[in-house]
Amino acid sequence: MSEHELDGNAMAGDLREVFAVDVTTAVATCGGCGEPSVVARLRVWGPAPGLVARCPSCDDVVLRLVRGPERAWLDLRGAVSLQVAMPPLSTVAEG
Amino acid sequence: MSIISPGFGGRRRSSQPDLPPGQYLTHDFPVLSAGPTPRIPLDRWQFTVTDETGAKHSWSWQEFQALPAEDVTVDIHCVTKWSKLGTTWRGVSIDTLFENIETTADYTMVHGYGGYTTNVPLEDLLDGKAWVAYQFDGEPLAPEHGGPARLVVPHLYFWKSAKWVNGIEMLQQDEPGFWEEAGYHMYGDPWREQRYQGD
Amino acid sequence: MTNRRLTWRAAVLEAARQETPSARTLVLRVPDWPGHLSGQHVDVRLTAPDGYSAQRSYSIASAWQDGGTVELTVQRVEDGEVSSYLTDDLQVGQPLELRGPVGGWFVWRNAPPPVLLVAGGSGVVPLMAMIRARGDVRGRQPFRLIYSVRTPQDALYVNELARRVRDDPGLDVRFVYTRKAPDGWPDPPGRLTVATINTYGWPPDFAPDVFVCGPTSFVEAAADILVALGHDPKKIRTERFGGTS
């Protein structure tokens, strides 16, 4: 175990810069072992050179986030899917 | 516009005119990692060069220790903006490892235990430009700094100096490694400040 | 919570309190702060005169009240360039950059179930925000805090916790001392054990909401004990911080 290990909670600020919703409550399904995990529960190393989030079950990389001065790279090739809780669909008022 | 905090950060680092652009001098040795620190027993350690035909040339720890070693003193530059001057390493030159290897490939992927990868052109590893180092500052290289052995390619940003290195794979075409896939520069020359893609 | 893009704000240090010799609470005035939930955190960014900058994440210690301040309790970390600046150098009246609140998972939302809080060292900070938020709304949910510290001198918020145990109905606090216990303390110093969580936590049958915060090794040990005792892993929320700051 590394002294510098964090968890997905620590990615909240950098992810919130990219997304309009809080992605730490989303469920990421690992591309390696297929295990779903709340993003806040992922094992995270970083923040520099970038945030690396690994599956708590198999340690495969699920998500990488690199923040440059004017760009951010979000690499999700280690995730099969990201399930994000959304507010209920509201009934569209008919005009 | 950033808020400037007077007195912040002066204790650990300083700017120096002969550093690459945007770098700051550090006196300690920050540890950056992208995953758990692998613990590799020396009797299971192996270093393998794989050429473009798939042929493998491997060394055990014992065989590796029997190769001629060099002591080098170099400056290192991390893409996270710290530089460290005059670091001393002992290790085996990549030239020594390639003495009996014939290759026409121009590119390499460097691999480490734990799954880390980084791409380096072959010419940047040869002619006295890179080493597989197993001592830092006269001591065996600590696991958090990449021990038992790490690549040292001091003329490129330090993410190219793969920790826990265990092999070099020859490639006909350049391919991105772990950080290069996620936004970092394919080559990473600190003097041209090639931090991110497109820099 | 608004869905606007997150930006850096200029906060001003309005007051500061020394909690222990190495921990300081920063009381920050943040213009247009949208409010926060207890357990959320902020990112702090410091920039040196030569342009060098560093960013760290800190849990919010205070419960939000309209028009109020945002409090962070910062533990000085050996060689921590940001934490040592915040504990030793930042003066009242000086600004710093702050972004947040962020994190929607490790939060307490004034829900009905009983709550078990397990803190290791300065991991108590977001849990204190939960205790304060419950106190502010006069919550009736039973709350229990198990708080592991090295020595009595390392414990944060000691007086306030004692006062709240007296005044906030249904709040209990149990300390665990890992290096040195106060005179007369019944248990020898040592790590958090199954017996402690079993005795001072809630039975799994009560289906408590569990929040664990501390260094990685502490969080993993506490979570393992809770699961072994029969708590539903889905009800255990964890937040771990690394060794550097």
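This briefing walks through chains A, B and C of a predicted model. Its topics are the contact between chains A and C, an annotated span of chain B, the two domains of chain C, and a few unusual backbone spots. Chain C is divided into domain 1 (9–102) and domain 2 (115–241), and an open sheet of five strands with parallel pairing is found in this chain. In chain B, strand 3 (residues 46–50) makes a good place to look at alternating side chains.

**Where chain A meets chain C**

- The contact between these two chains involves 19 residues of chain A and 21 residues of chain C.
- On the chain A side, strand 1 (6–7) and helix 1 (12–18) are the elements that give two or more residues.
- Helix 1 of chain A supplies the largest share of that side, with four residues.
- Sorted by class, the side of chain A that touches chain C has eight nonpolar, six charged and five polar residues.

**Chain B: the annotated span and strand 3**

- An unreviewed UniProt entry carries the annotation "domain: Oxidoreductase molybdopterin-binding" for residues 35–179 of chain B.
- That span is 41% strand and 8% helix, and its end C-alpha atoms lie 13 Å apart.
- Which side chains of strand 3 of chain B are buried? They are B:Phe47 and B:Val49, which point to one face, while B:Gln46, B:Thr48 and B:Thr50 point to the other and are not buried.
- Strand 3 of chain B runs antiparallel to strand 4 (residues 56–60) of chain B, and five bridges join the two. Here B:Phe47 has B:Trp59 as its bridge partner.
- The hairpin of strands 3 and 4 of chain B has five residues between the strands, and in this hairpin B:Gly54 takes a positive phi near 95°.
- Strand 3 of chain B also runs parallel to strand 12 (residues 165–171) of chain B, joined by three bridges. B:Val49 stands opposite B:Ile168 of strand 12 in chain B.

**Chain C: how the two domains meet**

- The C-alpha centres of domain 1 and domain 2 of chain C are 24 Å apart.
- Contact between the domains of chain C brings together 13 residues of domain 1 and 14 residues of domain 2.
- Strand 1 (9–20) and strand 5 (70–75) of chain C are the elements that give two or more residues to the domain 1 side.
- The residues on this side of domain 1 of chain C divide into eight polar, four nonpolar and one charged.

**Chain C: the parallel sheet and its helices**

- The five strands of the open sheet in chain C follow the order 9-8-7-10-11.
- Why do strand 9 (171–177) and strand 11 (236–241) of chain C each have one side without a neighbour in the sheet? Both stand at the edges with a single partner strand each, so one side of each is left free of a neighbour.
- From one strand to the next, the twist averages 10°.
- Strand 10 (residues 209–215) of chain C pairs with strand 11 of chain C over six bridges, in the parallel sense. Within this pairing, C:Cys213 has C:Glu239 of strand 11 as its bridge partner.
- Helix 2 (residues 124–136) of chain C packs on the sheet and touches strand 7 (115–120), strand 8 (143–149), strand 9, strand 10 and strand 11 of chain C. The direction of helix 2 makes about 155° with that of strand 8 of chain C.
- Helix 5 (residues 216–228) of chain C also packs on the sheet, touching strands 7, 8, 10 and 11 of chain C. Its direction makes about 150° with that of strand 10 of chain C.

**Backbone spots worth a look**

- Most peptide bonds are trans, and most residues other than glycine have a negative phi.
- The peptide bond from A:Gly46 to A:Pro47 is cis, with omega near 10°. A:Pro47 sits in the loop between strand 4 (43–45) and strand 5 (51–54) of chain A.
- B:Gly147 and B:Pro148 are joined by a cis peptide bond with omega about 10°. The loop between strand 10 (139–140) and strand 11 (150–152) of chain B holds B:Pro148.
- A:Asp59, a residue other than glycine, has a positive phi near 70°. A:Asp59 is found in the loop between strand 5 and strand 6 (61–67) of chain A.
- Is A:Asp59 buried or partly exposed? A:Asp59 is partly exposed, because 16 other C-beta atoms lie within 10 Å.
- B:Trp164 is not a glycine, yet its phi is positive at about 50°. B:Trp164 lies in the loop between strand 11 and strand 12 of chain B, and B:Trp164 is buried, with 25 other C-beta atoms within 10 Å.

Key:
Residues are numbered from 1 along each chain as its sequence is written. Chains are lettered from A and ligands numbered from 1 in the order in which they are written. This is a predicted model: local features need pLDDT of at least 70, side-chain atom pairs count only at pLDDT 80 or more; totals for chains, interfaces and linings use all residues. Two residues are in contact if their C-beta atoms, placed from the backbone, lie within 7 Å. Ala, Val, Leu, Ile, Met, Phe, Trp, Tyr, Cys and Pro count as nonpolar, Asp, Glu, Lys and Arg as charged, and the others, Gly among them, as polar. UniProt positions are given in the numbering used here, feature names are shortened, and annotations may be inferred rather than shown by experiment. A residue is buried if 20 or more other C-beta atoms lie within 10 Å of its own, exposed if 12 or fewer, and partly exposed in between; C-beta atoms are placed from the backbone. Two strands pair if DSSP finds at least two bridges between them. Domain bounds come from an automatic or database domain assignment. Axes are lines fitted to C-alpha atoms, for helices over the stretch in contact, and angles run from 0 to 180 degrees between N-to-C directions.
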